[in-house]
Amino acid sequence: GDVLDLCAEQARTFLVALTDVRLVVGDRLGLREDADADALDERALALAPDDPIVYAIAVYDFLTWLQETLATAMLPTAGK
């Protein structure tokens, strides 16, 4: 039930920050193209649940979801 209320400028700034962090995490995970993400998902299935890479993948997935959700909410048709 938590709500984060951002004005348009704050939302744009936050979206840029999310993009930057997501790019850094993706780079550290070796993601260069779409096929790399598929290969990483397969690799993650073979790792122990407490492997640090599994946590990094979870952070990357969360950042992706958050970025997409915010970008969608910023569309002119969102909320209408």
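pLDDT is the predictor's confidence in each residue, on a scale from 0 to 100. The structure described here is a predicted model, and the mean pLDDT of the protein chain is 90, with 96% of the residues scoring at least 70. Among the elements of the chain, the highest mean value, 95, belongs to helix 1 (residues 8-28), and the lowest, 86, to helix 2 (residues 34-45).

The secondary structure of the protein chain consists of three helices and zero strands. In sequence order the pattern is α-α-α. The radius of gyration is 15 Å, well over the 12 Å that the globule rule gives for 80 residues, so the protein chain is more spread out than a compact globule. Along the principal axes, the C-alpha atoms fill a box of roughly 45 × 30 × 20 Å.

Of the 80 residues in the protein chain, 18% are buried. The exposed area of the chain is about 6,200 Å², of which carbon and sulfur atoms supply 60%. Among contacts with a sequence separation of 6 or more, 64% are made by residues 24 or more positions apart. With respect to charge, the protein chain carries 6 positive and 15 negative charges, and the mean positions of the two sets lie 7 Å apart.

Two residues of helix 1 were examined individually. Val25 is located in helix 1. Its relative accessibility is 18%, and because the cut-off for a buried residue is under 20%, Val25 counts as buried. Beyond its neighbours within four places in sequence, Val25 is in contact with Ala56, Tyr60 and Leu63. For one of these partners, Tyr60, the C-alpha to C-alpha distance from Val25 is 6.3 Å, although the two residues are 35 residues apart in sequence.

Asp27 is likewise placed in helix 1. The relative accessibility of Asp27 is 45%; this value lies between the limits of 20% for buried and 50% for exposed residues, so Asp27 counts as partly exposed. The C-alpha atom of Asp27 is separated by 16 Å from that of Val16, with the two positions 11 residues apart along the chain counted as their separation. Helix 1 thus includes a buried residue, Val25, and a partly exposed one, Asp27.

Methods:
Residues numbered from 1 in each chain as written. Predicted model: local features only at pLDDT ≥ 70, side-chain atom pairs only at ≥ 80, totals over all residues. Heavy atoms only, no water. Helix = DSSP H or I, 4+ residues; strand = E, 2+ residues; numbered from the N terminus. Rg over C-alpha atoms; globule rule 2.2 N^0.38 Å. Buried < 20%, exposed > 50% of the residue type's maximum accessible area, 1.4 Å probe, protein only. Contact = heavy atoms within 4.5 Å. Areas by Shrake-Rupley, 256 points an atom, 1.4 Å probe, with all protein chains shown as cover. Lys, Arg positive; Asp, Glu negative; His and termini not counted. Charge placed at Lys NZ, Arg CZ, Asp CG, Glu CD.
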